[in-house]
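Reader: I would be grateful for a close look at a single part of this model, the metal site, together with the helix packing. Please state the cut-offs behind each term.

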Amino acid sequence: MASSNAYAPSAPELPESFGQHQYDGENRYSYAYPLYQPTQQLSSSSGMFSPETHPQIVRSFESADRDRSGFLEESELRQALSLSGYEGISNRTIRFLLFIYKSPGDSLLRLGPKEYVELWNCLAQWRAIFDRYDRDRTGKINATELRDAFFHLGYMLPTSVLQLIISQFDDGTGKTVDLCFDSFLECGMIVKGLTEKFKENDPGYTGYATLSYDVFMLMVIPFIVSYD
Ligand SMILES: [Ca+2]
Ligand SMILES: [Ca+2]
């Protein structure tokens with residue numbers, strides 16, 4: 001698995017005013033871009049937060065780590081994200097996030113402080129993209145908004161692929177359903193993660209890659225296993 005950063009959206013070009021106008025009257029995401037700077041080095045010890053860590057991140061981790069294990073397990077992560085303003089994230093997405101962000105050397109699905117900070121910053125970036133491209137302010141992303149968001153991130157997805165993605169999140173009736181943040185996050189990380197994997201095999205950015213069966217399976221399966 002590549003670095004977790006592969007799942008953060010590509011350097012979003014946020015408007016200068018970002019951070020002041022988001023969610024007026026509702027402070028849930030006012031810290032969507034915390035003071036944390038990506039260039040700052042985190043402590044190499046995964047058992048503690050660096051002093052620069054945004055206090056909201058530390059607070060949410062410490063209050064959610066009920067058994068004081070120093071790690072957030074599944075239910076604790078749900079609680080921590082809820083405390084951070086990300087309510088209602090599905091079990092499926094929570095497990096997907098744990099799978100992607102856990103330390104590669106850890107056989108358990110859990111996050112230490114270092115991994116949690118990475119996840120938190122990634123979520124903040126995806127949230128900013130979501131809010132920016134939810135142009136009609138419905139709180140959901142429709143197919144056009146999704147196309148534009150991916151385009152902004154540098155992914156020109158063909159309509160057929162966009163339709164396939166959206167259809168994965170319908171309600172079972174076959175009717176097109178707009179994506180809530182939870183679904184947007186999941187499909188965004190899948191598109192970005194798979195694209196990064198593809199690019200590893202297409203160094204010339206030609207849009208074509210020759211893959212062995214093994215490489216293809218190893219590339220795709222982590223994204224399609226059910227986390228339910
Ligand atoms: Ca714990
Ligand atoms: Ca919308």
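Author: The calcium ion (ligand 2) has as protein donors Asp134 (OD), Asp136 (OD), Thr138 (OG1), Lys140 (O), Glu145 (OE) and Glu145 (OE), at 2.2 to 2.7 Å. Donors are N, O and S atoms within 2.8 Å of the metal (3.2 Å for Na, K and Ca), and water is not among the atoms, so sites may look incomplete. This is a predicted model, in which local features need pLDDT of at least 70, side-chain atom pairs count only at pLDDT 80 or more, and totals for chains, interfaces and linings use all residues. Residues are numbered from 1 along each chain as its sequence is written, chains are lettered from A and ligands numbered from 1 in the order written, and side-chain values use heavy atoms, without hydrogens and water.

Along the sequence, the donor residues follow the spacing D-x1-D-x1-T-x1-K-x4-E. The six donor atoms subtend angles of 50 to 157° at the calcium ion (ligand 2), and the arrangement is therefore irregular; six donors count as octahedral if opposite donors are over 155 degrees apart and all others between 65 and 115.

Turning to the packing, helix α5 (residues 143-152) meets helix α7 (residues 181-200) at an angle of about 40°, with axes 12 Å apart. Axes are lines fitted to C-alpha atoms, for helices over the stretch in contact, with angles from 0 to 180 degrees between N-to-C directions; helices are DSSP runs (H or I, at least four residues), numbered from the N terminus. In contact (heavy atoms within 4.5 Å), Leu146, Ala149 and Phe150 of α5 meet Phe184, Cys187, Gly188 and Val191 of α7.

Terms used: Helices (H or I, at least four residues) and strands (E, at least two) are DSSP runs, numbered from the N terminus. Four donors count as tetrahedral if all angles lie between 85 and 135 degrees; four count as square planar and six as octahedral if opposite donors are over 155 degrees apart and all others between 65 and 115; anything else is irregular.
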